[in-house]
Structures are given as structure tokens and as C-alpha cells.
Amino acid sequence: MSNERQIQDEDLMDVARDPEQAHRLRKALKVLADNPNVGGKLQEMAQEVLSGRIGMKDAIATPGYMDALGDRMSEIRRAAENQTMAEREESREKFAAWQKEQEAKEDEERAERDGPSGTLLTAPRRGGRGGGHRN
């Protein structure tokens, strides 16, 4: 898939509420597309959307893709229901650590995306000593 054109965050704004949500959606699609454990229709859908061959709205309206998503969600729910209390606590701890790591990565990505562009102009500081002017 690396040789194909890939959509950008902006291409998902027809289904996202804001640029941040579009960015997270594209990242989630990339995880689905690149993870060999996903497989099947769900992985196909992510690859099709990321390549631009199908829009996200069309993917959502495609019964086969939504059935695959529903099936995966059911698997996750069943697995969660079958966990012991110790396994649930371990899962919570792992998730909390993963979530903290993801937030740090997202903060870093956001800073890179939204940060200074290299043409940073600075104004003199107010209240400092030196060459400022007063009225």
C-alpha cells in the first residue's frame, strides 16, 4: 500500500467534526490497514478509504464493511465479558499506559503540525529594560 496515493486528514472532513477528529480517524484507518491481525473486510475497507478508492461515507454505507465492523466489536465484547477480574485490572492498567503514550505522541504530532513554520517573528518584550518606546 505504500506505493499508492494516500488520502490526507482533510479528505475525511466530510465525516469528521473537526481537523483533530479527521486526523485521529485517518490514524485509526492506517492501523486497521497495516495490521495483519485485522484481515478480511475490515482491513479491506481501511485500505480502500486510505487509497481514496472509496469515501468514508460510502464505506459506512456499505453493508459488508459495517457487518465486519459489527462482528469485530462483538468479538471484543465477548472477550471482555470472559475476562477474570485480574485480567480486567491488568487490561485497564495496560490501556491507561497505552493511552498516556498515545496522548504524548498526539501532543508531539500536534506541536509539529501546528508549531512555528520557520518564519518566526518575535516582538520585543514588554516591560523589559532597553530600547522599547513609551507614549
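This text goes from one helix to the nonpolar core and then to the largest pocket. The model is predicted, so that local features need pLDDT of at least 70 and side-chain atom pairs count only at pLDDT 80 or more, while totals for chains, interfaces and linings use all residues. Residues are numbered from 1 along each chain as its sequence is written, and side-chain values use heavy atoms, with hydrogens and water left out.

Helix 2 (helices being DSSP runs of H or I with at least four residues, numbered from the N terminus) has 12 residues and reaches 17 Å from first to last C-alpha, close to the 16 Å expected at 1.5 Å a residue, where the expected span is 1.5 Å times one less than the number of residues. Its buried residues (under 20% relative accessible area, with a 1.4 Å probe and protein chains only) include Met 45, Val 49 and Leu 50, and the buried residues of helix 2 pack against helix 1, helix 3 and helix 4. After helix 2 comes Gly 52, whose phi is positive, near 85°.

Leaving aside neighbours within four places in sequence, Met 45 is in contact (heavy atoms within 4.5 Å) with Leu 29, Met 56, Ala 59 and Tyr 65. The largest nonpolar core (buried Ala, Val, Leu, Ile, Met, Phe, Trp, Tyr and Cys residues joined through side-chain atoms within 4.5 Å) has 17 residues, and Met 45 and Leu 29 are among those that touch the most other members. Helix 1, helix 2, helix 3 and helix 4 each give two or more residues to this core, and the largest share, five residues, comes from helix 2.

In the lining of the largest pocket, the largest share, seven residues, comes from helix 1.

Notes
Buried < 20%, exposed > 50% of the residue type's maximum accessible area, 1.4 Å probe, protein only.
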